[in-house]
Amino acid sequence: MNRVELVGRLTRDPVLRYTPSNRPVAQFTLAVNRRYAKETDEIKADFFTIIAWGKQGENCKTYLFQGSQAGVTGELRNRSYTDRDGNTRYITEILADNVEFLSSKKPENTTPSNESIPSQVEEPTPYSFQGEQSSLYDEEYTLSDDDLPF
């Protein structure tokens with residue numbers, strides 16, 4: 001069984017892209033607090049990359065923003081690619097089956113501030129959608145050198 005359930009806050013606004021066949025896909029990072037036995041322990045968070053396809057991805061872009069609280073259920077996925085130096089890089093992501101919007105809508109007259117983005121958050125790893133398949137669960141990703149962030 002491969003099921004993931006997370007509740008956390010977005011570290012920045014979702015990024016929405018479209019495949020060559022015009023299929024929407026949103027990517028965002030969810031910060032999830034760790035639980036500790038003692039109340040005096042420092043609160044730490046884990047950061048998970050979330051991928052949402054189709055109408056759900058478009059809704060994420062429309063209704064979620066930096067700081068929004070969201071609940072995500074989905075499947076844990078690993079993928080790999082070779083960087084420009086020939087090193088194999090591995091990425092773990094959550095492919096969302098369902099995204100629940102747990103915050104109210106974005107307050108008006110606010111602009112996102114880069115100052116509040118945690119330093120642990122990396123830029124989203126870009127996708128090349130050359131190998132797009134019809135099923136959410138059968139998606140395989142390939143990256144070209146032009147897609148890599150470094």
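This is a short talk on one helix, the nonpolar core, the salt bridges and one strand residue. Keep in mind that the model is predicted.

Let's start with helix H1. H1 runs over residues 54-63. Which residues of H1 are buried? They are Gly54, Gly57 and Cys60. Those three span an arc of only 105° around the axis, so they sit on the same side of H1. Turn to the other side of H1, and you find Lys55 and Thr62 exposed.

What do the buried residues of H1 pack against? Four strands. They are S2 (15-18), S3 (24-33), S4 (45-53) and S6 (88-101).

Now the core. In soluble globular proteins, nonpolar side chains tend to be buried together. Here, the largest nonpolar core has 16 residues. Five of them touch the most other members: Phe28, Leu30, Ile50, Val72 and Val99. Which elements give two or more residues to this core? S1, S3, S4, S5 and S6 do. S3 supplies the largest share, with four residues.

Take Val99 as a way in. We leave aside neighbours within four places in sequence. Val99 then contacts Phe28 and Val72, and both of these are, like Val99, among the core residues that touch the most other members. Val99 also contacts Gln56, Cys60, Leu64, Ala70 and Gly71. Cys60 is a residue we have met already, on the buried side of H1.

Next, charges. Side chains of opposite charge can pair when their charged atoms come close. How many salt bridges does the structure hold? Five. I'll go through three.

One joins Arg3 and Asp97, at 2.4 Å from N to O. Arg3 is in the segment before strand S1 (4-10), and Asp97 is in S6, so this pair ties together parts 94 residues apart in sequence. Are these partners buried or partly exposed? Arg3 is partly exposed, because its relative accessible area is 43%. Asp97 is partly exposed too, at 25%.

Another joins Asp46 and Arg34. Their closest N and O atoms are 2.7 Å apart. Asp46 is in strand S4, while Arg34 is in the loop between S3 and S4. The two are twelve residues apart. Asp46 has 27% relative accessibility, so it counts as partly exposed. Arg34 comes out at 40%, also partly exposed.

The last of my three is Asp83 with Arg89. Here the N to O distance is 3.0 Å. What about accessibility? Asp83 has a relative accessible area of 4%, so it is buried. The cut-off for buried is under 20%. Arg89 is at 37%, so it counts as partly exposed. This bridge therefore pairs a buried acid with a partly exposed arginine.

Finally, Leu76. Where is it placed? Leu76 belongs to strand S5, residues 69-82. Its relative accessibility is 38%, so Leu76 counts as partly exposed.

Which residues does Leu76 touch, if those up to four places away in sequence are not counted? Asn2, Val4, Thr92, Glu93 and Ile94. Look at Asn2 in particular. Leu76 and Asn2 are 74 residues apart in sequence. In space, their C-alpha atoms are 6.5 Å apart.

To recap. H1 has its buried residues on one side, and they pack against S2, S3, S4 and S6. The largest nonpolar core draws its largest share from S3. Arg3 and Asp97 tie together parts of the chain 94 residues apart. And Leu76 in S5 touches Asn2.

How values were computed. Residues are numbered from 1 along each chain as its sequence is written. This is a predicted model: local features need pLDDT of at least 70, side-chain atom pairs count only at pLDDT 80 or more; totals for chains, interfaces and linings use all residues. Side-chain values use heavy atoms; hydrogens and water are left out. Buried means under 20% relative accessible area, exposed over 50%, partly exposed in between (1.4 Å probe, protein chains only). The arc is that of the directions from the helix axis to the C-beta atoms. Contact means heavy atoms within 4.5 Å. A salt bridge is a side-chain nitrogen of Lys or Arg within 4 Å of a carboxyl oxygen of Asp or Glu. A nonpolar core is a set of buried Ala, Val, Leu, Ile, Met, Phe, Trp, Tyr and Cys residues joined through side-chain atoms within 4.5 Å.
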